[in-house]
Amino acid sequence: MAKSKMSDFDWFRKRLSLITESEIFRSINDGSFYEMTFRIGEWTVIKELFLAYYAPQYVKILKDRRSTLNYVDFFSGSGVVGLKGTKVNFPGSPLIVAGSLIKEKFTNYYFVDNDSKKIEQLKRFLSGDNYKFYNSDANEVVNSLAIELGQNDAHSLIFIDPFAMEFKFNSILALKNVDCDLIITFSAEEISRAINQWIQNQDWKTEKLDDFFGDSEWKKDIDKKNVEDSSIVVYLDRILNKAMKRKATAFRIKKTIGGHYYSIVLVSTGGSREGPTFHRIATDFNKRINSIDGEYVRKILDTYVVNKGNPIDQY
């Protein structure tokens, strides 16, 4: 008998259970005090799942083709994030990639955060010569890191997860000669809110938006009737034509049914074989979670984590 295909919802629950049933998840929910990166909405869990899905496949594909594989986390936080409205802690991106959740390992790991308390906590979780920590603004360290990442036939997976517009476009430009895959969180709701302030008041100062998009030309390209959608289009166009010279793929993560969203942007500088493969990995994930939104994630977490129901993958 042919094996039945796993539904998207079952696939999502299975992926989530790999984290919530892990030793790392149990250890950060042991009642001890942890420095939080911040308290997140449940939809952010999907972003962490994408990283857990993408990173091991990235390593498998490139480990025999490159002598050095780097993981770079420009807004690493403390390694622990809290779920809003609960006492549940969730592993942040550093523990997803560098902890025991992923068997495939990078050669080097770079963690950048401007909060010293968060970096110090991260050091307690992760120790070893291949872990490098920078208590710095990401925009201030990116140039020196770009030089280091360009050595030793290296390829790098770079995760850029700001709250909104903290990572300037000049910092993207600093990475244009680095062989890398970029995974960027694009906070459409926060960025659109700032653009709409300018639309309503043309005298409103736009320095942060100008830094984020690279110049003030974005004002000519934004569709004022559809700011949220057109802002990501403008951003992707600038990555293609002014920075990485590679097509960027973006897919939406729905916060609520019919509500706002954020996007995950992928730029791959892999070769003619690797690049399309990486984009297919992202596309496959996107198809799987297209029906998933923050409200569904919260329901699952409430039932099987907060209220200590059966393990998620037994649902």
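Residues are called buried here when their relative accessible area is under 20%, and exposed when it is over 50%. With that in hand, the structure can be introduced from the whole to the parts. The model is a predicted one.

The protein chain has 315 residues, of which 54% count as buried. Its secondary structure amounts to 13 helices and ten strands. For a chain of 315 residues, a compact globule would be expected to have a radius of gyration near 20 Å, and the value of 19 Å found for the protein chain agrees with this. The C-alpha trace spans about 55 × 50 × 45 Å along its principal axes. Contacts also reach across the sequence: among those in the protein chain with a separation of 6 or more, 71% join residues 24 or more positions apart.

A good place to start a closer look is a sheet of three strands. This sheet is open, its order is S1-S3-S4, and its pairing is mixed. Strand S1 (39-40) and strand S4 (89-91) form the edges, each pairing on one side only. Strand S3, made up of residues 80-83, is joined to S1 by two bridges, and these two strands run parallel. Within this part of the sheet, Ile40 stands opposite Leu83 of S3. Toward S4, by contrast, S3 runs antiparallel, and three bridges join the pair. Here Gly82 has Asn89 in S4 as its bridge partner.

In a regular strand, side chains alternate between the two faces of the sheet. Which residues of S3 point one way, and which the other? Val80 and Gly82 point one way, while Val81 and Leu83 point the other way, and all of them are buried. S3 and S4 also form a hairpin with five residues between the strands, and in this hairpin Gly85 takes a positive phi near 80°.

The next feature is a pair of helices. Two packed helices are described by the angle between their axes and the distance between the axes. Helix H1 (residues 8-20) packs against helix H3 (residues 44-62) at an angle of about 85°, and their axes lie 10 Å apart. Since angles of 65 to 115 degrees count as roughly perpendicular, H1 and H3 are therefore roughly perpendicular to each other. On the H1 side, the contact involves Trp11, Phe12, Arg15, Leu16 and Ile19, which meet Val45, Ile46, Leu49 and Tyr53 in H3. By character, the residues of this contact of H1 with H3 divide into eight nonpolar, no polar and one charged.

Finally, two loop residues deserve a short visit for their backbone angles. Asn152 is not a glycine, yet its phi is positive, at about 65°. The loop that holds Asn152 lies between helix H6 (138-149) and strand S7 (154-160). Is Asn152 buried or exposed? With a relative accessible area of 55%, Asn152 is exposed. Lys245 is not a glycine either, and has a positive phi of about 60°. Lys245 is found in the loop between helix H11 (227-243) and strand S9 (248-254). At 53% relative accessibility, Lys245 counts as exposed.

Definitions and conventions
Residues are numbered from 1 along each chain as its sequence is written. This is a predicted model: local features need pLDDT of at least 70, side-chain atom pairs count only at pLDDT 80 or more; totals for chains, interfaces and linings use all residues. Side-chain values use heavy atoms; hydrogens and water are left out. Two strands pair if DSSP finds at least two bridges between them. Helices (H or I, at least four residues) and strands (E, at least two) are DSSP runs, numbered from the N terminus. Buried means under 20% relative accessible area, exposed over 50%, partly exposed in between (1.4 Å probe, protein chains only). Axes are lines fitted to C-alpha atoms, for helices over the stretch in contact, and angles run from 0 to 180 degrees between N-to-C directions. Angles under 35 degrees count as roughly parallel, over 145 as roughly antiparallel, 65 to 115 as roughly perpendicular and the rest as oblique. Contact means heavy atoms within 4.5 Å. Ala, Val, Leu, Ile, Met, Phe, Trp, Tyr, Cys and Pro count as nonpolar, Asp, Glu, Lys and Arg as charged, and the others, Gly among them, as polar. The radius of gyration is taken over C-alpha atoms; the globule rule is 2.2 Å times the number of residues to the power 0.38.
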